[in-house]
Amino acid sequence: MRLAVLSDTHGNAIAFEAVIQDLKSQSPDAIVFLGDIVMRGPQPSECIHMVRSLEPLAVIRGNYDDMFTRFPAPGWVPSNDKEELVLRAYEYDCKRIAHDDQEWLANLPVERAWTFEDVPTEMYHAGPDSLVNVVYPWASLDEMDILNRSEHTRLVLFGHVHHAYARQGKGRLIVNCGSVGLPFDGDNRASYAIVDFNKRDIAVQLRRVAYDIEKALATAKALKMPDVEAYEYALRLARYPYNDYKKLIQTTSS
């Protein structure tokens, strides 16, 4: 069996289109999507429709999908630059995502367990009991223990950190498929994973797909997406831009 594992489009439909084209050459038997379809990119509605058109075996709710459908709390006001960024992204997506699609996002599960061939598998956005925990490729094997519930699990699939990697240890394989729309691992090509099963044997490909970054940026500018400077920085350099946003703007405008 061949499984395609996708995550974190973040409204970048141009990158998603390139991944879908690449998927056709891989002929997967099934597809799973591990969350963060929306927010931070110019085409959230298009990305929702593209995910649904793939008829995935499972779609997991990501932290930004969750935030978008449950935000803001009554009386909430942003208290720092990063929260102001989130509010602008939320307001932008509100204008572009239909009510039915918002309900679909809000009701996605936060985890799935499956057995592929003879391989017990757990699927999350970030991990059990949290949509925001961060486990980077350089984490220790002990730190990676937070990524599974059952000791019988032999494969864990997750997204969230925008760094594609595969790690083996303690009797299980940990696969992060990276980000389709917003990689932060220094490689600005879209990322996803292919997992091949043969009984209990597993092989993993971390695929990188080049796409038209200029077209993605032109789309963001044409649609007047907020904070497009940070988006451009992220797409070009595949680095996280949002912690030092004001410093970034001063640098890019000087």
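1. Let's start with helix H2 (residues 44-53) and helix H5 (residues 99-106), which pack against each other in this predicted model. Their axes lie 11 Å apart and meet at an angle of about 60°. That angle makes H2 oblique to H5, because it falls outside the ranges for roughly parallel (under 35 degrees) and roughly perpendicular (65 to 115). The crossing of H2 over H5 is left-handed.

2. Now look at who does the touching between these two helices. From H2 come Ser45, Ile48, His49, Val51 and Arg52, while H5 supplies Asp101, Trp104 and Leu105. Sorted by character, the residues of this contact are 4 nonpolar, 2 polar and 2 charged.

3. H2 has another partner to visit: helix H1 (residues 13-26). Here the axes come within 9 Å and cross at roughly 20°. H1 and H2 are therefore roughly parallel to each other, as the cut-off for that term is under 35 degrees. This crossing, too, is left-handed.

4. Which residues make the contact between H1 and H2? On the H1 side they are Ala13, Phe16, Glu17 and Ile20, and on the H2 side Glu46, Cys47, Met50 and Val51. This group divides into 6 nonpolar and 2 charged residues, with no polar ones. While you have the structure open, find Val51: this residue of H2 is listed in the contact with H1 and also in the contact with H5.

5. Next, find Asn63, which sits in helix H3 (residues 63-69). Is Asn63 buried or exposed? Its relative accessibility is 11%, so Asn63 counts as buried, the limit being under 20%. Leaving aside residues up to four places away in sequence, Asn63 touches Asp36, His125, Leu131, Val132 and His160. With one of these, His160, there is a polar contact from side chain to side chain, at 3.3 Å.

6. Finally, turn to Arg88 in helix H4 (residues 81-94). With 29% relative accessibility, Arg88 counts as partly exposed, because that value lies between the limits of 20% for buried and 50% for exposed. Which residue does the side chain of Arg88 meet in a polar contact? The partner is the side chain of Asp227, at 2.9 Å. You can also try a distance check of your own: Arg88 and Gln102 are 14 residues apart in sequence, and their C-alpha atoms are 17 Å apart in space.

Terms used:
Residues numbered from 1 in each chain as written. Predicted model: local features only at pLDDT ≥ 70, side-chain atom pairs only at ≥ 80, totals over all residues. Heavy atoms only, no water. Helix = DSSP H or I, 4+ residues; strand = E, 2+ residues; numbered from the N terminus. Buried < 20%, exposed > 50% of the residue type's maximum accessible area, 1.4 Å probe, protein only. Polar contact = N/O pair within 3.5 Å; in protein donor to acceptor, adjacent residues only side chain to side chain. Contact = heavy atoms within 4.5 Å. Axes fitted to C-alpha atoms, helices over the stretch in contact; angles between N-to-C directions. Parallel < 35°, antiparallel > 145°, perpendicular 65-115°, else oblique. Left-handed = near helix turned anticlockwise from the far one by under 90°. Nonpolar A, V, L, I, M, F, W, Y, C, P; charged D, E, K, R; others polar.
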